[in-house]
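Subject: The model we talked about

Hi there,

Here is the structure I promised to pass on. Please open it alongside this email, and I'll walk you through what turned up.

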Amino acid sequence: MRIDVTSQALTEPGSPAMGLKLGPGTPWPLGATYDGRGVNFALFSANATRVDLCLFDARGDETTRITLPEYSDEVWHGYVPGLAPGQLYGYRVHGPYAPGDGHRFNSNKLLLDPYARGYSGPLVWDDSLFGYQIGTKRADLAKSKADSARFMPKCVVVGEGRDLVHDRPNRAWHETVIYEAHVKGMTARHPGVPKPLRGKFAGLAQPAIVDHLVKLGVTAIELLPVHAIANDHHLVDQGLKNYWGYNSIGFFAPAERYVSHGEDVDAFRTMVDTLHAAGIEVILDVVYNHTAEGNEFGPTLSFRGIDNATYYKLGENKRHYHDTSGCGNTLNVAHPRVLQLVMDSLRYWVEYCGVDGFRFDLASALARDHEDFEQSAAFLDAVGQDPGLRQTKLIAEPWDLGEDGYQVGNFPPSWAEWNDKWRDGLRSYWKGEMATLPALGRCISGSAEIYDHRGRKPWASVNFVTAHDGFTLTDLVSYDEKHNEANGEENRDGHSDNRSHNWGVEGPSDDPETLDLRDRVRRALIASLLFSHGTPMLNMGDELGRTQHGNNNAFCQDNETSWVQWEGLSDRDRAFHDFVRGAAALRAQLPLLRSPRFLHGEPVAPLIRNMTWFKPDGEEKQAEHWEDPVAKCIGVSFAGDGNILLLLFNADADPIDFVFPFFGKRHLHWRLLCDSANGLIRPEPVTIATGKATVPAHGLLLFERTDP
C-alpha cells in the first residue's frame, strides 16, 4: 500500500505501524532516527518531485510504501510511529529522467539511504540495477522500467548502542607508529582467532591479534576501507571480489562482510574499544572521492537516483561525469549538502564510533571546488575549523588522476601525507642506484624540503617502504617485475615502476646466498623506516615475510594471496619478525629517532650540532660531496639532551670502513645498538667501538655514545 497524506492512519493489514498516524517529522537529523517511539526519516534531494519510503519485512519483501509528506529546506521527511531498530527500508525517488540535464531519477529503482547506519543483504548484480535499458541503441538515454528491489541490499534502522568504556590513547604524532591492515587479511588465517570471527571486526579485537600489534610497537592501526562496499560487476563476473574495498556505497554503514549475522555498528565500536584499551589508535582509510555507482553506464544504487546533479561533478555535457578519481565519477564535495554528508560521516565515526583518525583516499579530489586543487577548498576549510575533529589524525593520499593532481606537501599544516617520494628515494638507495645519497638524506631527516613550512612538523611525512598498493616487502626484494596475471587483466594493471630488485633470481629461491642478501636488504629498509624522522607506517604482514607472489595490485584477491600466513613461518621470517620488533623498540626508547621538529644543524653543545652528515673518513659532508654519483656510504648524527646517536649507511656491495667523527673529543666510545646486515639489535655481549667501524655491505649501523 502507499500512504501519501500527512497524518493518514496506517490501518491496512500488514502495516508495521497499524492504527498509528504518519506525522510530518523533521528535516534534521538526516537519515533514519529512532526516538524510542518511532522513526523519523529525512532525505535530502534538491531536484526530486516526490520521495517514497519503502518498508520491508525480515524476508526482504516490501510491506508498505509511504510518500514522505513534508519538504523543508530541500529535505523530504516524515515520522512513522511504532517502528523500531532493525526495521528494513529503502527509498524510491521521483523526478525527471533527463541525463542530458544531469537528472537520472527512476522510481523503479530502490535506493540506499546515504545516511543509513546499516545495510542488510547482498547486492546481487542484475540488469534491473541500472537506471537505463541495457542493450538498447540509446544506451543510458533509455529509461529502465525494471524494478530493482529484490536485488538490492536494504537499509537498517539502527538504535543507539552502549557507551564506549576506554579512553582514547591520544598518542602524539611524533610517537606514532602506524600499521596498515585489512580486517580479513589480518585475521583469516590466524590460529588464535576463532573461525566464526575470522574476517570480522570481532576477530581483529581478539587477544592474539592485539598482542601481536602491541609487541610489534604499533600505536595505530590503519584499516583499509570498512564503509559499506559494493563488489564491482566485472569482478563478480570473473569470480573475483573487491577485496580492498575502495568502492564505497555508504559512508555511515560498516561493510556487512565484517560483521557477524545480527550485529551492527556496535561490533566495530567494540573492536575500537578493545584496541584503545591496549593503547592502539584506530585510523580509517575512507573513500569520499567517488562512489560505487561509476560513470553514466553504472548502476543506480543511491546517490545517482536521489539527486545525480547535486551529488556528482558533471561534465560540460551533463550526461557525463567529471572524473578525477579514475573510477567513473567524482563526488561533488564543493556542494554544501554533499560537504555536509562527508562532515557528518566523519563526526559520526569519531564521536560515536571512537575513531582516532582518517586516511583520505585520493584526497586531492576532495580539494577541487572547481577544476584546480585549492588549499582553501571548502572541504579542507570545513575539516580545519570543525571542533569535533580537532584532535583527529588527518592523513592525505595527496594525489588524484586529475590535472595537477599530485599535491605532496601542499595540504594544510594540520594534515599528514603519504609520502611516496620517501618510498621511492629509499628504495632506490638500497637498490644500489647511482646518485641516491641526496634522496637518502631527505628521507632520514623527515623530508624537510617538502614539509618544513607553515609550521609543519616531521610527522607530516608518513613514511613507508610498502603499502597495500604495491609489492610486499618480501616481494620488493624478490621480483624485478610485477606478476598480476591472476587479476584477469593480462598483467596490464599495477605499477611498473617499483624500484624493486630480485637479487639474483626472479621469485622464490632456495639459494642461501640469494636469501641472505634479500634478508640484508629488507632489514636495511625496515631499519631505515623506523630510524627516520617522520611517521613510520608498516604494511600488514611484512614483519612475517608475507608474499603476494609478485602481485603488486592484489585489490581483487580475497584469498591466500592477500591473507597473512601466521603458521609455518621459516626460521628466516621468525628472525626478521624479531628484528622488526627490536628496531621498533629502539625507536620508542630513543627520542632522537623521532624528533618532533625539523633539525637543521643547530648547536646543542660546543662542537656538537643537533644533526650533522659525515663522509666515511669522518669529516663533515659538504654540499659538493652530495653530488658524488658513485658514493653509497654516509653517516648522520642526531644530538640532544646530552646524547648522540650515529647512523651509518652502506648500500655498496662491499663493506666500507667508517671513521667515527670528532665531537670535540677524538676517542669517544660508541655502543652498537643495531647491525641490520647481521640482524642484531642491542647485541650481547655489549659491543663498544672506538676509532672506526666497518659498515657491512647493504647494511646500516646504529651507535649511541657511551661513557668508557
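A word on handedness before we begin: a crossing of two helices is called right-handed if the near helix is turned clockwise from the far one by less than a right angle, and left-handed if anticlockwise. Please also keep in mind that this is a predicted model.

**The helix pair**

That term applies to α7 and α8, whose crossing is right-handed. Helix α7 covers residues 336-352 and helix α8 covers residues 378-385; their axes come within 11 Å and cross at roughly 35°. Which residues meet there? From α7 come Leu339, Val342, Met343 and Leu346, and from α8 come Ala378, Phe379, Ala382 and Val383. By type, the residues of this contact are eight nonpolar, no polar and no charged.

**The barrel**

Next, have a look at the closed barrel. Eight strands with parallel pairing form it, in the order β15-β16-β17-β18-β19-β20-β21-β22. From one strand to the next, the twist averages 25°.

One pair to zoom in on is β17 (residues 281-286) with β18 (residues 357-360), which are parallel and share four bridges. Within that pair, Leu284 stands opposite Phe358 of β18. Helices pack here too: α13 (residues 512-530) touches β21 and β22 (535-539), and its direction makes about 145° with that of β22. Helix α9 (residues 420-431) lies across β20 (416-418) and β21 (461-464), and runs at about 35° to β21.

**Strand β9**

Now for a strand outside that list: why is β9 described as largely enclosed by the rest of the structure? Buried here means under 20% relative accessible area. Seven of the seven residues of β9 (residues 75-81) are buried, so the strand is largely enclosed. Both of its faces are covered, with Val75, His77, Tyr79 and Pro81 buried on one side and Trp76, Gly78 and Val80 buried on the other.

Strand β9 also has pairing partners. Strand β5 (residues 38-44) runs antiparallel to β9 and is joined to it by seven bridges; there, Gly38 has Pro81 as its bridge partner. Strand β8 (residues 70-72) is antiparallel to β9 as well, with three bridges, and Glu70 stands opposite His77. The hairpin of β8 and β9 has two residues between the strands, and in it Asp73 takes a positive phi near 50°.

Happy to go through any of this with you.

Best wishes

How values were computed: Residues are numbered from 1 along each chain as its sequence is written. This is a predicted model: local features need pLDDT of at least 70, side-chain atom pairs count only at pLDDT 80 or more; totals for chains, interfaces and linings use all residues. Side-chain values use heavy atoms; hydrogens and water are left out. Axes are lines fitted to C-alpha atoms, for helices over the stretch in contact, and angles run from 0 to 180 degrees between N-to-C directions. Contact means heavy atoms within 4.5 Å. Ala, Val, Leu, Ile, Met, Phe, Trp, Tyr, Cys and Pro count as nonpolar, Asp, Glu, Lys and Arg as charged, and the others, Gly among them, as polar. Two strands pair if DSSP finds at least two bridges between them. Buried means under 20% relative accessible area, exposed over 50%, partly exposed in between (1.4 Å probe, protein chains only).
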